[in-house]
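Here are some worked exercises to try with the model open beside you. Have a go at each task before you read its solution.

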Amino acid sequence: MNGFIAFMEKHFMPTAGKIAAQRHLVAIRDAFLVTMPLMILGSLAVLINNFPIDAFQKFMTSIFTEEVWKSFGGNIWNGTFGILSVLIAFLLAYNLSKSYGKDGVAAGVVSLASFYALGGATGTGTTGLFIALLVGIFSAEIFSRLSGSEKLIIKMPEGVPPAVARSFAALLPAMFTVMIFAFITTIFFAFGVKDIIASFYEAVQQPFMKLSNSFPSALLLAFITPFLWFFGLHGANMIEPLMQTINADAIAANLAAVNAGDAAPYIVNKPFFDSFVNLGGTGATLGLIIAIYLFGRRNKAYKMVTNLSAAPGLFNINEPMMFGIPIVLNPIMFVPFILTPMVLVTVAYIATATGLVPAAIVMPPWVTPPVIGGVLATSSIAGGVLAAVNLVISVLIYAPFVKIAEVQEIKREQAAEAAMKQAE
């Protein structure tokens, strides 16, 4: 491991460091960090509403109706994940404009207006996240450049309150920026695209709809979901129609075959991914959590996020890790986040195809903890063993990258301490 870490430090980290310091990526990272408390709260709400114990569900329903007691968690979700794209559109533009020395609040407001001018009302939650990222970046760039033009700045006389002066200074740049996005929406509308966000998701999902239950398709799904997530798109949501299409027929056929005394014909289905691949969520991030506890204890930032993410992660809710570490647009975590699911798919597929583990015939709730989910999905202890083996594999894959992040963080802290001593 030491040799690999030394190689990565020499050849990979310099490039990764430059990428990580890139202005736009820093703005995105800081925007997600601000939303982390809300994401943790939203994750806990999802966990409570979907807690995979029938006794708990029945107990709560016996006291209140299901609609009433689950509305509490639903309301929390509406105020957290339900407005994530709105928050990111504002915060990203705010951070990016501040980095240019411009009015961050005005840029955030303009970005928010531009997002809605582009049809953001239909995608305020996670479905509009990628569009919100694009709007935040481009609106901030446009607004910042227009704000730098003396011809577009309305200067107020002395004595006018600063807040009023700033508002008039941003008036024309704000108007032109929002009008640009409104015009883009009009162009799409003229070509028959009435909902840009919905159409975007349909365009991305469509190529996946004809995939079958084969190993190549499983490998592609294992790659594309974390790949989309890495760039801020909710990969799991985007391929959900495909997963449900594969899942419905596959589960029914598998169950019918087993009841008839035959072998289950389909290996790839949704519980296959939920139980053996997405251990802790997309990217098998429960393995990352364990790896940080074992190998990254000196990385204070990672450890703090991990402490907050461990409980949701046990129930396959990994948004706190995605936005807290963060994994999104984190060059250090790109390789293990993409590689781990592909390795786990391969191991699980071979184990099932060779008969070591039965194919999944039951679909447990997606929040069922790893190992337990493997047992329930296959109605076999072998399923739990396979899930446990895959969890260990995920820890081993993430471990060296956790060490790299720890070394980088220690160096950053030492540099900061040295700078403070010189300042003294």
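**Exercise 1. Salt bridges**

Count the salt bridges in this predicted model, then work out where Glu66 and its partner Lys70 sit and how accessible each residue is.

Solution. Start with the count: there are four salt bridges in the structure. One of them joins Glu66 to Lys70, with 3.2 Å between the closest N and O atoms. Next, place the pair: helix H5 (residues 66–78) holds both residues, and they are four residues apart, about one turn of the helix. Finally, check accessibility against the cut-offs, where partly exposed lies between under 20% (buried) and over 50% (exposed). Glu66 has 42% relative accessibility, so Glu66 is partly exposed. Lys70 has 22%, so Lys70 is partly exposed too.

**Exercise 2. A pair in helix H8**

Find the distance between the closest N and O atoms of Glu141 and Arg145, and decide whether each of the two is buried or exposed.

Solution. First, the distance: the closest N and O atoms of this salt bridge are 2.2 Å apart. Second, the spacing: Glu141 and Arg145 are separated by about one helical turn because they are four residues apart in helix H8 (residues 129–147). Third, the accessibility: Glu141 is buried because its relative accessibility is 11%, whereas Arg145 has a relative accessible area of 54% and is therefore exposed.

**Exercise 3. From helix H15 to the cavity**

Describe the salt bridge between Asp274 and Lys270, then say what lines the largest cavity.

Solution. Begin with the side chains: Asp274 and Lys270 form a salt bridge at 3.0 Å, N to O. They are four residues apart in helix H15, so about one helical turn separates them. Both residues are buried.

Now move to the cavity. The structure has one cavity of 30 Å³ or more, and the largest cavity holds about 50 Å³ of space. Asp274 is part of its lining, along with Pro271, Ser275, Asn316, Pro364, Pro365, Trp366, Thr368 and Gly373. Helix H15 (residues 270–276) supplies the largest share of that lining, three residues.

**Exercise 4. The second largest pocket**

Which helix gives the most residues to the lining of the second largest pocket?

Solution. Take the volume to begin with: the second largest pocket holds about 560 Å³ of space. Its lining is made up of 23 residues, and Arg29, Ile325, Pro326, Asn330 and Gln408 are the closest to the centre. The elements that each give two or more residues are helices H2 (13–20), H3 (23–49), H17 (300–314), H19 (331–353) and H21 (381–423). H3 gives the most, with five residues.

**Exercise 5. A nonpolar patch and two annotated segments**

Identify the elements behind the surface patch that includes Phe176, then compare the helix content over residues 105–138 and 168–193.

Solution. The nonpolar patch consists of Val164, Phe168, Leu171, Met175, Phe176 and Met179, with about 500 Å² of accessible area together. Helix H9 (162–169) and helix H10 (171–190) each give two or more residues, and H10 gives the most, with four. Phe176 lies in H10; at 37% relative accessibility, Phe176 is partly exposed.

For the second part, turn to the UniProt record: its unreviewed entry places "transmembrane region" features at several stretches, including 105–138 and 168–193. Residues 105–138 are 68% helix and 0% strand, with end C-alpha atoms 16 Å apart. Residues 168–193 are 85% helix and 0% strand, with end C-alpha atoms 35 Å apart.

Methods
Residues are numbered from 1 along each chain as its sequence is written. This is a predicted model: local features need pLDDT of at least 70, side-chain atom pairs count only at pLDDT 80 or more; totals for chains, interfaces and linings use all residues. Side-chain values use heavy atoms; hydrogens and water are left out. UniProt positions are given in the numbering used here, feature names are shortened, and annotations may be inferred rather than shown by experiment. Patches are made of residues with over 30% relative accessible area and no salt bridge: like charges are joined within 9 Å, nonpolar side chains (Val, Leu, Ile, Met, Phe, Trp, Tyr) within 5 Å. Accessible areas come from the Shrake-Rupley method with a 1.4 Å probe; for residues, only the protein chains shown count as cover. Buried means under 20% relative accessible area, exposed over 50%, partly exposed in between (1.4 Å probe, protein chains only). On a 1 Å grid over the protein atoms alone, a cavity is a set of points where a 1.4 Å probe fits but cannot get out, and a pocket is an open set with protein on both sides within 12 Å along at least five of seven lines; lining residues have an atom within 4 Å of a point. Grid points are joined across faces, edges and corners, and a volume is the space filled by probe spheres set on the points.
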